[in-house]
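User: Please take a close look at the side-chain contacts in this model and at the strand pairing that accompanies them. I would like one connected account that also states how accessible the participating residues are.

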Amino acid sequence: KIMAKVLYQYDIKTPSPDVDVEEMVKTIRNNLPGEYTMQENPEIKPMFFGIKAAVCQFISPEDDGLQDKLENFLSELDGLGEYELSFTTRL
């Protein structure tokens, strides 16, 4: 039986204007737990006061607790600002 997959899209902001958004994305990618896949080139959008946001999409198996685990990972990773879930869907 093939499990469904879920796509989570998060807008992840840089914590301050002097943080390089590309480096922030690289940090997320390099530390991402194994059950998640991250899309290749996240959209970068300017926010306010020099803050930028990376629109990152993550795919994981549909399994209870994986969204919480992803959010815990994002919360605990150094070098990230605020983030919010902007879209989710089953694939």
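Analyst: One cut-off is needed at the outset: a residue is called buried under 20% relative accessible area, exposed over 50%, and partly exposed in between. By that rule Lys 69, at 37% relative accessibility, is partly exposed. The model under discussion is predicted.

Lys 69 is a suitable starting point for the charged contacts. Its side chain meets that of Glu 35 in a salt bridge, with 2.5 Å from N to O. This contact links distant parts of the chain, since Lys 69 belongs to helix H2 (residues 66–76) while Glu 35 lies in the loop between H1 and strand S2 (37–38), 34 residues apart. Glu 35 is likewise partly exposed, with a relative accessibility of 29%.

A further salt bridge joins Arg 90 and Glu 62 at 2.9 Å, N to O. Here too distant parts of the chain are linked: Arg 90 is in strand S5 (residues 83–90), Glu 62 is in the loop between S4 and H2, and 28 residues separate them. Arg 90 counts as exposed at 54% relative accessibility, whereas Glu 62, at 34%, counts as partly exposed.

The contact between Lys 26 and Glu 23 is a salt bridge of 3.4 Å, N to O. Both residues sit in helix H1 (residues 21–31), three residues apart, and so are separated by about one helical turn. Lys 26 is partly exposed at 45% relative accessibility, and Glu 23 is partly exposed at 40%. The count of salt bridges comes to five, among them the contacts described above.

The strand pairing centres this account on S4 (52–61). Strand S1 (residues 5–13) runs antiparallel to S4 and is joined to it by nine bridges; one of the bridge partnerships is that of Gln 9 with Gln 57 in S4. S2 also pairs with S4 in the antiparallel sense, over two bridges, and Met 38 has Phe 58 of S4 as its bridge partner. S3 and S4 pair over four bridges, again antiparallel, with Lys 45 and Ala 53 as bridge partners.

The hairpin of S3 and S4 has five residues between the strands, and Phe 49 takes a positive phi near 50° there. Met 47 is placed in the loop between these strands. Together with Phe 48 and Phe 49, Met 47 forms a nonpolar patch on the surface, with about 360 Å² of accessible area in total. Met 47 is partly exposed, with a relative accessible area of 34%. Phe 48 is partly exposed at 43%, and Phe 49 is exposed at 76%.

Aromatic contacts complete the picture, and the structure holds three such pairs. The rings of Tyr 10 and Tyr 83 have centres 5.7 Å apart and planes at 70°, so this pair is edge-to-face. Tyr 10 in strand S1 and Tyr 83 in strand S5 are 73 residues apart, and the pair thus links distant parts of the chain. Tyr 10 is buried, with a relative accessible area of 0%, while Tyr 83 is partly exposed at 24%. Within the patch, the rings of Phe 48 and Phe 49 have centres 5.9 Å apart and planes at 80°, so they too are edge-to-face. Finally, ring pairs link Tyr 10, Phe 58 and Tyr 83 into a cluster, and Phe 58 is the S4 residue already named as the bridge partner of Met 38.

How values were computed
Residues numbered from 1 in each chain as written. Heavy atoms only, no water. Patch = residues over 30% accessible without salt bridge, like charges linked within 9 Å, V, L, I, M, F, W, Y side chains within 5 Å. Areas by Shrake-Rupley, 256 points an atom, 1.4 Å probe, with all protein chains shown as cover. Salt bridge = Lys/Arg side-chain N within 4 Å of Asp/Glu carboxyl O. Buried < 20%, exposed > 50% of the residue type's maximum accessible area, 1.4 Å probe, protein only. Pairing = 2+ DSSP bridges. Phe/Tyr/Trp six-rings, centres within 6.5 Å; stacked < 30°, edge-to-face > 60°.
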